[in-house]
Structure formats: structure tokens, C-alpha cells
Amino acid sequence: MSLAHGRTYLAIPGPSVVPDAVLRSMHRASPNIYEGELPDMMPDLLRDLKKVAGTNGHAAIYICNGHGAWEAALANTVAAGEKVMVLATGFFAMAWSRIAEARGIVVDVLDFGNGGTFDLARVEETLRADSAHGYKAVLAVHVDTSSSNRNEYLPLRRILDELNHPALLMADCIASMACDRFEMDAWGVDVAVTGSQKGLMCPPGLGFVFFNDKAAEQRRALKLVSTYWDWTQRAAPEAFYQYFSGTAPTHHIYGLRTALDMIHAEGMEAIWDRHAALAGAIWAAVEHWGQDGPLRLNIADRALRSHAVTALSIGKPSGAELRRWCADQAGVTLGIGLGMANDDDPLGEGYFRFGHMGHVNAHMILGLLGVVEAGLGALGIPHRAGGVTEAAKALSAV
Ligand SMILES: *Cc1c(COP(=O)(O)O)cnc(C)c1O
């Protein structure tokens, strides 16, 4: 018997759960784009977005998904024929590198695999060898949503500064912004990108690029930037349409306004703490279940785990079967494994992910974990019973 009827829960790493208040604020007649409330709300919207990113620099909004934000960041900083370094700890860094390649950029990928973070010695060595300063940017994903590892920027900043290397430090914060602590200016990040549909709790459709004066200078040195991708006017427009290089994403703006109000009412520190506590509950449950069975967290080192997404392995076909059971029997959709397929498991059916980013709280996470424990039992997948109790203990200790 299916018990899925009722409110469904999309527990995947984006799109995330959209708060009812955000949905309500979007449910309105088309607003006037010539004057009044909508154009007037833009300066405060940019100010509050930059507060989320931890920057006093500039912000540009695009009508696009994360892939568009990747494209925008590169279009404004690196010309075809120039070179970038990509530090890869999962599928998403590789995908960003392919976008760079398709723009004619020469890409050197340092691949550190799917299980941890960068080898800083290797990064330093590669940058030191680049005494001619061929690298125009170092691209690093903050949280790689496929492996669910979290990387640090301060050590990268330190290496660039010590070598006096002028490459821009560029951050993909699409899975982490407003979930995991990120402080763009304090960490010396020059360009950061994110999207609306993860920690920012809005539907997919907006991409954001934050950049500092150094990056703006690098933009000015480029000969060719298409009008659409150019961030200059978007970040400092003289007319409302220039924020978007065309028609505004009217309803998304209202949704984002409400989401930013919710974010700043809770407070960035409190949001980061909430995500950390909920992630801790998930880890406690999974580590307990895994003591008598195949379930494992992909990232073994706690310090390197995202607080917004968790990648797990369980062996094929159990990952796919568990996902199917949770959706059909309980109304909870888990994320597919991404970028984890291998020769023994070409479809990646032994992997799955939990998204726990944005508008999620303790009862949702305990519900999610309860459903997973029920699914493990129903499917006869070996595990040590009582993971949910461990999650509850972790939360009551917070
Ligand atoms: C989701 C995500 C992307 C891609 O975003 P889309 O909106 O799907 O284009 C890129 N990088 C990271 C880290 C992500 O989590």
C-alpha cells in the first residue's frame, strides 16, 4: 500500500523546497515594469543579495540557471585562447571546465577525485610553475553537489598571494550559498556564482554573479564581451531593463524579495548553524545504519562534508531501489547519484543523495530519515536499526 498521498517532499540537491511565503508572493498579476514597486525594489534586492554572499563588491543577476552563471562568470573574465586552472573534486567542477573549453579557453584540470578536497601542495606547485602568469583564473567549486565535499578558499587565497599570482579566484557557490558558511570578501574570492533554486529557496530561473573591483578590471581589459553576458551594466544600470538586459523576471523578483527577507530575518549565522545541525543528524543516522550493512557516506572526513547535500553509496541496485521505494511509498524523492558511475555500476544505481538545503527544518530531516529507515527495512537492505534515534540524539544535543 502506498502512503505517498499528502504533501510530497523533494529532498534532492535542487530545486529545493520553496517556502509557501515565496510562492504566495509570486502569485500576483503582472506588475508594472515601467515604474513603481518593482523597479524601486532593485537596489535593496542587490544589497541584500550581496549580504548573503558576504561581499561589498558588485552583483549581477541573469535569467538563467547555474550553467548560465558559470558562463557569465567566464564571459566577463577570460578570453578565448587564455588559460584557466580548474580544481576538481567532483562532477560539477568538470562540467564548469567543459563550459570554459567550449568558450575556447585553455583549461588545465587538476582532478582530485570524488572523495575529498584539493591537494594544496599540487595547486601551489602548478601555480609556482606558471611564472609567466598564464592562468587568468582559478576555478574552484565550494561544495561539489555530486560528491558532497566542501572545499576551502582561504588556503587558495594564501597560495595566490604568496606567489603574487594575479589569477582571479572564482567560486561556484551554487550548492552552498545560504547553507554553508561562505564569506566572499573575507576569504579573498574575486568572483562567486550561485543560482536561485538551492539555498536561496526560489524556483530555478535566476543566476547570480558577484565580483570585486579586481575582476571588474579584468573585464575592462577584454576586447569582446557579448552585450547579454556583460555584467557591467547589470551591476550598475541606469534603467530598470538594464538589470536584466531585457525583460525582467518579474515574478521571480517578488519571490526572491520574500526569500531574502526570510534569510535575513533568521540571520546568516543562524542559517549556517541550522544547516550544520541538520547535517550532523543525517551523518549520525547514516553512520549508525552503516555499521551492519553497505551504506556509506561518500565523504569520510566530517570536516570536508557539505552541510547542504549528502552523497551516499549503498551498492547497486539498492540505491535506485531505495529511491523508488521512498518516492512511491512515502512521497519523498531522493537525489540520484551523479558522476559516481563506474565500470561495475555503469548507471550509478549504487548511489543516491539527500538534499538538505534552504527551507528545511528538524521535522523534515527526521521525517526523511524515518522514511529511509523504513525503506531499508522494507527492501531487506542490511543495516543496523536505530539510525533515526541516533539522529534524534544528535539534534537534542545541539
Ligand atoms: C546545481 C549546481 C550547478 C548547476 O546548476 P544548474 O541550475 O543545474 O545549471 C552547478 N554547480 C553546483 C555546485 C551545483 O550544485
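Reader: What makes R181 and E269 a salt bridge?
Author: In this predicted model, the closest N and O atoms of R181 and E269 are 2.6 Å apart. The cut-off between a side-chain nitrogen of Lys or Arg and a carboxyl oxygen of Asp or Glu is 4 Å. The value falls within 4 Å, so the pair is called a salt bridge.

Reader: How many salt bridges does the rule find across the interface of domain 1 and domain 2?
Author: The rule finds one. Polar contacts across this interface come to 14 residue pairs, both residues being at pLDDT 80 or more.

Reader: Which elements give two or more residues to the side of domain 1 that touches domain 2?
Author: These are α11 (268–289) and β12 (309–313). The largest share, five residues, comes from α11.

Reader: What is the make-up of that side by class?
Author: It has 14 nonpolar, 11 polar and three charged residues.

Reader: How are the two domains bounded along the chain?
Author: Domain 1 takes 9–16 + 267–396, and domain 2 takes 31–265. The contact draws 28 residues from domain 1 and 31 residues from domain 2. Residues count here because their heavy atoms lie within 4.5 Å of the other domain.

Reader: What separates the centres of domain 1 and domain 2?
Author: Over C-alpha atoms, the centres are 28 Å apart.

Reader: How much area do domain 1 and domain 2 bury between them, and which residues of domain 1 supply more than any other three?
Author: The two domains bury about 2400 Å². Carbon and sulfur atoms carry 58% of it. On the domain 1 side, M268, W272 and L304 supply 24% of the area buried against domain 2, more than any other three residues.

Notes
Residues are numbered from 1 along each chain as its sequence is written. This is a predicted model: local features need pLDDT of at least 70, side-chain atom pairs count only at pLDDT 80 or more; totals for chains, interfaces and linings use all residues. Side-chain values use heavy atoms; hydrogens and water are left out. Domain bounds come from an automatic or database domain assignment. Buried area is the accessible area (1.4 Å probe) that two parts lose on being put together, summed over both. A polar contact is a pair of N or O atoms within 3.5 Å; within protein, one must be able to donate a hydrogen and the other to accept it, and residues adjacent in sequence count only if both atoms are side-chain atoms. Helices (H or I, at least four residues) and strands (E, at least two) are DSSP runs, numbered from the N terminus. Ala, Val, Leu, Ile, Met, Phe, Trp, Tyr, Cys and Pro count as nonpolar, Asp, Glu, Lys and Arg as charged, and the others, Gly among them, as polar.
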